[in-house]
Amino acid sequence: QVQLVESGGGLAQAGGSLRLSCVVSGLTFSNYRMAWFRQAPGKEREIVAAISRTGVLTYYADSVKVRFTIFRDNAKNTVLLQMNSLKPEDTAVYYCAADRTYIEQPRASSQSDYDYWGQGTQVTVSS
């Protein structure tokens with residue numbers, strides 16, 4: 001049974017930091033590129049950051065570039081999202097997702113390409 005379990009969400013003040021963690025089990029982690037998505041109330045789910053199978057290549061949405069960092073530890077089946085300089089507009093439920101791929105590219109073509117999803121963790125940033 002494949003499981004993606006996110007943790008690390010919570011309440012932060014604007015300008016603060018949070019680190020999200022996603023622990024994956026039930027699959028060969030190194031065969032999957034990983035991504036973090038978020039969905040704010042009343043908005044569509046959007047990609048935040050993505051990382052290739054080996055971790056060499058990354059992708060960031062323009063809204064989080066420089067502030068967020070995605071990285072992975074294939075030995076621990078974990079993908080993390082370090083979020084710095086948080087803004088109120090970062091408030092959302094954050095999801096990690098896994099896409100099986102044979103290529104070394106960080107981001108899948110669409111959300112529907114991702115095979116597995118976590119249950120989400122709430123991030124709330126106060127002004």
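How many salt bridges does the count come to? The count comes to five. The model is predicted, and the points below go through its charged pairs, core, disulfide, rings and loops.

1. **Asp 99 and Arg 33.** Side chains of opposite charge can pair when their charged atoms come close. Asp 99 and Arg 33 form a salt bridge, with 2.7 Å between the closest N and O atoms. Asp 99 belongs to strand S9 and Arg 33 to strand S4, so the bridge ties together parts 66 residues apart in sequence. Asp 99 has a relative accessibility of 5% and counts as buried. Arg 33 is buried too, with a relative accessible area of 8%.

2. **Arg 38 and its partners.** Arg 38 forms a salt bridge with Glu 46, and the closest N and O atoms are 2.7 Å apart. Glu 46 is partly exposed at 36% relative accessible area. Arg 38 counts as buried at 6% relative accessibility. The side chain of Arg 38 also meets that of Asp 90 in a salt bridge, at 2.9 Å from N to O. This second pair links distant parts of the chain: Arg 38 is in strand S4, Asp 90 is in the loop between S8 and S9, and 52 residues separate them. Arg 38 and Asp 90 are both buried. A network of salt bridges links Arg 38, Glu 46, Arg 67 and Asp 90.

3. **The largest nonpolar core.** In soluble globular proteins, nonpolar side chains tend to be buried together. Here the largest nonpolar core has 30 residues. Which residues have the most contacts inside it? They are Met 34, Trp 36, Leu 81, Met 83 and Tyr 94. Strands S3 (18–25), S4 (32–39), S5 (46–51), S7, S8, S9 and S11 (121–126) each give two or more residues to this core. Another core, of seven residues, lies apart from it. Among the members of that second core are Ala 35, Ile 47, Ala 50 and Ala 97.

4. **Tyr 94.** What does Tyr 94 touch, leaving out residues up to four places away in sequence? Its contacts include Leu 20, Trp 36, Phe 37, Val 48, Phe 68, Leu 81, Met 83 and Val 123. Glu 6, Arg 38, Gly 120 and Thr 121 are also among the residues touched by Tyr 94.

5. **The disulfide.** The structure holds one disulfide. It joins Cys 22 to Cys 96, with an S to S distance of 2.0 Å. The torsion about the S-S bond is about 45 degrees, so the disulfide is right-handed. Cys 22 sits in strand S3 and Cys 96 in strand S9, so to speak of distant parts of the chain is fair: they are 74 residues apart. Both Cys 22 and Cys 96 are buried.

6. **Aromatic pairs.** There are four aromatic pairs in the structure. In one of them, Tyr 32 and Tyr 116 have ring centres 6.2 Å apart and planes at 55 degrees, so the pair is tilted. Tyr 32 is in strand S4 and Tyr 116 in strand S10 (residues 116–117), 84 residues apart. Tyr 32 counts as buried at 7% relative accessibility, whereas Tyr 116 is partly exposed at 31%. Tyr 114 and Trp 117 form an edge-to-face pair, 6.1 Å centre to centre with 65 degrees between the planes. Tyr 114 is buried at 5% relative accessibility, and Trp 117 is partly exposed at 26%. Phe 37, Tyr 114 and Trp 117 form one aromatic cluster.

7. **Charges over rings.** Where does the charged end of Arg 45 sit? It sits over the ring of Trp 117, 3.8 Å from the ring centre. The charged end of Arg 72 sits over the ring of Phe 29, 4.3 Å from the centre.

8. **Positive phi in two loops.** Val 66 is not a glycine, yet its phi is positive, near 80 degrees. Val 66 lies in the loop between strand S6 (58–60) and strand S7 (68–73). At 83% relative accessibility, Val 66 counts as exposed because the cut-off for exposed is over 50%. Ser 85 also has a positive phi, of about 50 degrees, although it is not a glycine. Ser 85 lies in the loop between strand S8 (78–83) and strand S9 (92–100). Ser 85 is partly exposed, with a relative accessible area of 40%.

Definitions and conventions: Residues are numbered from 1 along each chain as its sequence is written. This is a predicted model: local features need pLDDT of at least 70, side-chain atom pairs count only at pLDDT 80 or more; totals for chains, interfaces and linings use all residues. Side-chain values use heavy atoms; hydrogens and water are left out. Helices (H or I, at least four residues) and strands (E, at least two) are DSSP runs, numbered from the N terminus. Buried means under 20% relative accessible area, exposed over 50%, partly exposed in between (1.4 Å probe, protein chains only). A nonpolar core is a set of buried Ala, Val, Leu, Ile, Met, Phe, Trp, Tyr and Cys residues joined through side-chain atoms within 4.5 Å. Contact means heavy atoms within 4.5 Å. A disulfide is a pair of cysteine sulfur atoms within 2.5 Å. A salt bridge is a side-chain nitrogen of Lys or Arg within 4 Å of a carboxyl oxygen of Asp or Glu. Rings of Phe, Tyr and Trp (its six-membered ring) pair if their centres lie within 6.5 Å; planes under 30 degrees apart count as stacked, over 60 as edge-to-face and the rest as tilted. A charge sits over a ring if NZ of Lys or CZ of Arg is within 6 Å of the ring centre and within 35 degrees of the ring normal.
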